[in-house]
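Got your viewer open? Load the model, and we'll walk through it one selection at a time.

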Amino acid sequence: MMSTQLAHMVFFKLKDNSAAASTKLVAECFKYLKPHAGIAYFSAGTLARELNREVNDQNFDVALHVVFNDLKDHDYYQDSDMHNEFIANNKDNWEKVRVFDSHV
């Protein structure tokens, strides 16, 4: 049986990838994205540079991990004012954003 939960993983490569800029984006994730209803799990953090094995993808600076209770909660989050404000406030420093969504 397929779970109804949806995992939304976002990996940000920053133009200014200093420790201060990375820490600021993590704080912005918690401020604007964590308060949404329908989230079963939330975390955001910086790349673990010490884990530099051949299989580790290190082409990002900040990772966001959100598991939603269902697709409806994900869709609400995507269209929310807080999500849109997060994007508007931070996108100028994004070199690349990769999004991976999966059922979990």
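**Stop one: the ring cluster**

Select Phe11, Phe60 and Phe100: ring pairs link these three into a cluster. A pair here means rings of Phe, Tyr or Trp (its six-membered ring) with centres within 6.5 Å; planes under 30 degrees apart are stacked, over 60 edge-to-face, and the rest tilted. Before you go on, a word on what you're looking at: this is a predicted model, where local features need pLDDT of at least 70 and side-chain atom pairs count only at pLDDT 80 or more, while totals for chains, interfaces and linings use all residues. Residues are numbered from 1 along each chain as its sequence is written, and side-chain values use heavy atoms, with hydrogens and water left out.

A search of the whole structure turns up 7 aromatic pairs. Zoom in on phenylalanine 11 and phenylalanine 100: their ring centres are 5.8 Å apart and the planes sit at 75°, so this pair is edge-to-face. The pair ties together distant parts of the chain, with phenylalanine 11 in strand β1 (residues 6-14) and phenylalanine 100 in strand β4 (residues 94-103), 89 residues apart. Helices (H or I, at least four residues) and strands (E, at least two) are DSSP runs, numbered from the N terminus.

Which of the two rings' residues is buried, phenylalanine 11 or phenylalanine 100? Phenylalanine 11 counts as buried at 18% relative accessibility, whereas phenylalanine 100 is partly exposed at 44%. The cut-offs are under 20% relative accessible area for buried, over 50% for exposed and partly exposed in between, using a 1.4 Å probe and protein chains only.

**Stop two: valine 62**

Now pick valine 62, in strand β3 (residues 62-68). Its relative accessible area is 0%, so it is buried. Show its surroundings: leaving out neighbours within four places in sequence, valine 62 is in contact with Val10, Phe11, Phe12, Leu14, Ser22, Leu25, Val26, Gly45 and Thr46. Contact means heavy atoms within 4.5 Å. Yes, Phe11 from the first stop is one of them. Try a distance label too: valine 62 and cysteine 29 are 33 residues apart in sequence and 9.9 Å apart in space, C-alpha to C-alpha.

**Stop three: two helix residues**

Select asparagine 90, found in helix α3 (residues 81-90). At 6% relative accessibility, asparagine 90 counts as buried. What does asparagine 90 touch, not counting residues up to four places away in sequence? You should find Lys24, Leu25 and Glu28.

Then hop to glutamine 78 in helix α2 (residues 71-79). Glutamine 78 is partly exposed, with a relative accessible area of 24%. Setting aside neighbours within four places in sequence, glutamine 78 is in contact with His8, His83 and Asn84. Draw one more label, from glutamine 78 to phenylalanine 42: 36 residues apart in sequence, 15 Å apart in space, C-alpha to C-alpha.

**Last stop: zoom out**

Switch to cartoon and trace the chain: you'll read β-α-β-β-α-α-β along the sequence. The radius of gyration is 14 Å, close to the 13 Å that the globule rule gives for 104 residues, so the chain is as compact as a globular protein of that length. That radius is taken over C-alpha atoms, and the rule is 2.2 Å times the number of residues to the power 0.38. Along its principal axes, the C-alpha trace spans about 40 × 35 × 15 Å.

Colour by burial, and 38% of the 104 residues count as buried. Among contacts between residues at least 6 apart in sequence, 76% join residues at least 24 apart.
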